[in-house]
Every structure is written in structure tokens, then in C-alpha cells.
Amino acid sequence: MSLRDALRIPSAQITDETVYRQRRALLGALAMTPAIAMSGCGAAEPPPPPRAPPTPAQVRSGFRTDEEPTRYEDITSYNNFYEFGTGKADPSRAARTLRTSPWSVQVGGECEKPGTLALEDLLKGLRPEERVYRLRCVEGWSMVIPWLGVPLAAVLKKFAPTSKAKYVAFTTLADPRQMPGLAYRSINWPYREGLRIDEAMHPLTLLATGLYGKPLPQQNGAPLRLVVPWKYGFKSIKSIVEIRFVEKMPRTAWHDLQPSEYGFFSNVNPQVDHPRWSQKTERRIAGSASKLFAERIPTRLFNGYGEQVASMYAGMDLGKWY
Ligand code: MTE
């Protein structure tokens, strides 16, 4: 499979933004006047086939949500990617210099089959799936993003982790020639993140290669980024070049910078305020709401994925900032 193929999804499965936007209207029309809507009456081109809305089972699994998706233009122009600057608009401008092909990922540590693999080999045999997840940034804004990606577990299993692999550590590329933000010590580069092995193997944890059915734009962490929807967004590390299975809890960039503000676990929790601001609500950037005037909505424990993930934290004091 070529890289191009690896990053693509069969067109029938792509949720085009227009389809998203039209889905509600189309479904409404279908419900009211099925015969007319189905025949594409009067239109030169038949309307794009409306994709079925998420089934209750998909919503229960957390793989899909029927909440209004954030617009593609907002997802790709309001970013955190400090390697390209600390302003929200910096990455969409500056990340054009990021070369995403060829790309390889080094996988090692406590596993039987370590290796450095070209991205297309890393993803070989895995079909990208669409997952529509909420993303809650620790800063207090959130989006609904239709990702394309493969379960992280499916990739990790290829390397046969040993029983000593208690955690997984991830590292972002750090190349000052491509990443102007590295000139500033906003973070102790390279950007590093980590998960406990059960979190890494959880079915909701995704390695994203695209969004809205298209390859991932550079500013969103191309060509490969982590998505952990029940944790604050900073755990979802971008442009990954290294994955290591480790025995001890790995050091992570934000925790190193400010341990009292950014914990290793960092599960979304409205009851635990950030030391400098409340986490009770969030500014949801979605649909037609502009990023400046997006409405505030209550933040949910585990970002609304408690049913799927809470059991992993049984016995842990969620009131503490882990
Ligand atoms: N990964 C790297 N390498 N560098 C970063 O600055 N920012 C994080 C996370 N991953 C970041 C990163 C933060 S704070 C958030 S909220 C999300 O990426 C934002 O992802 P998005 O820009 O695709 O919405």
C-alpha cells in the first residue's frame, strides 16, 4: 500500500464537510418526502448520498457523536502547535514548511520487534476509520472533529510489547530548519507525551492520519498524530517520530514545564480547576459559531467518554490533578 493509499479512505466512507452540513437537512427532507428526495428530483446531479447518522451503538461506543462538527476552516486555522509559534493562527501559516513525506517512525523499548518504519509500512494492512470525537483543550475551548485514523492498539501490537511495557512514550519531530518555534524555549523540545499501556490500547485511542476525509494538514499534526478524546488536548501529540514502550512513567513536555498545572493523566474533569482558571465550562467551536463567539457549554467528566474509560481509573482519586 502506498502512503497515498494509506492516508486515504474509500470515498464511500468519507464524510465530506458538505455532506455533514447537508446531512440534517437531507435527512429531514428524506423523512418528510422520501420519494422526491430519493429521486434527486430536478437536480442536474443527484445529491451526495447522505451517510447514515450515527447509530445508537456507535454513539454508545464513543466512536461517533451526533453533535455539530466544527467547520474544517476552524479546525485548520485555530491550532496549538508550538513548534510553529504560540499564536492560534501561527501553525496554519508557518507549518507549510513541515515536510511530511517521506516520514518514518522509530518504535522501540520494551517490545520484541522494534524497528524504524516508513509511515506506509507502519500503517500497512490497517484501514483508516472515521471517528467523530470531541477535543477539549486545557485552555477551555473545544471542537468536534471528524478524524480519520487507525486504532493505536492495532499499530502497537505489530511490535509485540513485552510485559515490561507499562507505558508508551511519544515524541514529536524537532527540526529547527522546519519548525521556527523551536528557536524559543516555550517548551523543552522535543514535545513529548505518554500514556499508560491500557490507555494506549483502549479502542478510543486513535493515531490520526486525516480529518474530514482528507489527509491531515500540517498544522493539525501531519502526517501522524495521537488523539485521546477523554484527555485534555495537549496529550494528543502531533507529528510523531518516535514511539517507545517503557516500564516507568515517561516524562512529558507540559508536565516538565509546569508540574502543578499539567498532570500526566490529565483526564478532562470539570471538578478540578486548572490552578489559574476554571474547567467547569468550555467554548465550543462548532458549526456556524465563529471561534470568537462560540457558546460556552458545561464540560463533562472524561469529556463525555466516562462510560468507555472510567473503569481504567477505578480506585484513583479523580479529585486530584494527576
Ligand atoms: N503536539 C505538539 N507536537 N506540539 C504542540 O504544541 N499542542 C497540543 C496538542 N498536540 C501541541 C501538540 C495542544 S495544547 C492541543 S489543544 C492540541 O494539540 C491541538 O490540536 P489541533 O491544533 O489539531 O486542534
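"Buried" here means a relative accessible area under 20%, while exposed means over 50% and partly exposed is anything in between, with a 1.4 Å probe and protein chains only. This is a predicted model, so local features need pLDDT of at least 70 and side-chain atom pairs count only at pLDDT 80 or more, whereas totals for chains, interfaces and linings use all residues. Residues are numbered from 1 along each chain as its sequence is written, and side-chain values use heavy atoms, leaving out hydrogens and water.

**View 1. Phe81 and Phe84 meet edge-to-face.** Ring pairs are Phe, Tyr or Trp rings (for Trp, the six-membered one) with centres within 6.5 Å; planes under 30 degrees apart are stacked, over 60 edge-to-face, and the rest tilted. The structure has 12 aromatic pairs. In this one, Phe81 and Phe84 are 4.9 Å apart centre to centre, with 80° between their planes. Phe84 counts as buried because its relative accessible area is just 3%. Phe81 is buried too, at 3% relative accessibility.

**View 2. Phe264 and Phe265 also pair up edge-to-face.** Here the centres are 5.3 Å apart and the planes make an angle of 90°. Both of these residues, Phe264 and Phe265, are buried. They belong to a cluster linked by ring pairs, along with Tyr167, Phe302 and Tyr313.

**View 3. Meet the ligand's neighbours: 17 residues surround it.** To make the list, a residue needs a heavy atom within 4 Å of the ligand. Tyr82, Glu83, Arg225, Ser236 and Lys238 are the closest. The shell splits into eight nonpolar, six polar and three charged residues. For that sorting, Ala, Val, Leu, Ile, Met, Phe, Trp, Tyr, Cys and Pro are nonpolar, Asp, Glu, Lys and Arg are charged, and the others, Gly among them, are polar.

**View 4. Thr172, for one, touches the ligand through a polar contact.** Such a contact with the ligand is a pair of N or O atoms within 3.5 Å. An N or O atom in the Thr172 side chain lies 2.9 Å from a ligand nitrogen. In the Arg225 side chain, an N or O atom sits 2.9 Å from a ligand oxygen. Asn80 joins in with a backbone N or O atom, 3.2 Å from a ligand nitrogen.

Notes: A polar contact is a pair of N or O atoms within 3.5 Å; within protein, one must be able to donate a hydrogen and the other to accept it, and residues adjacent in sequence count only if both atoms are side-chain atoms.
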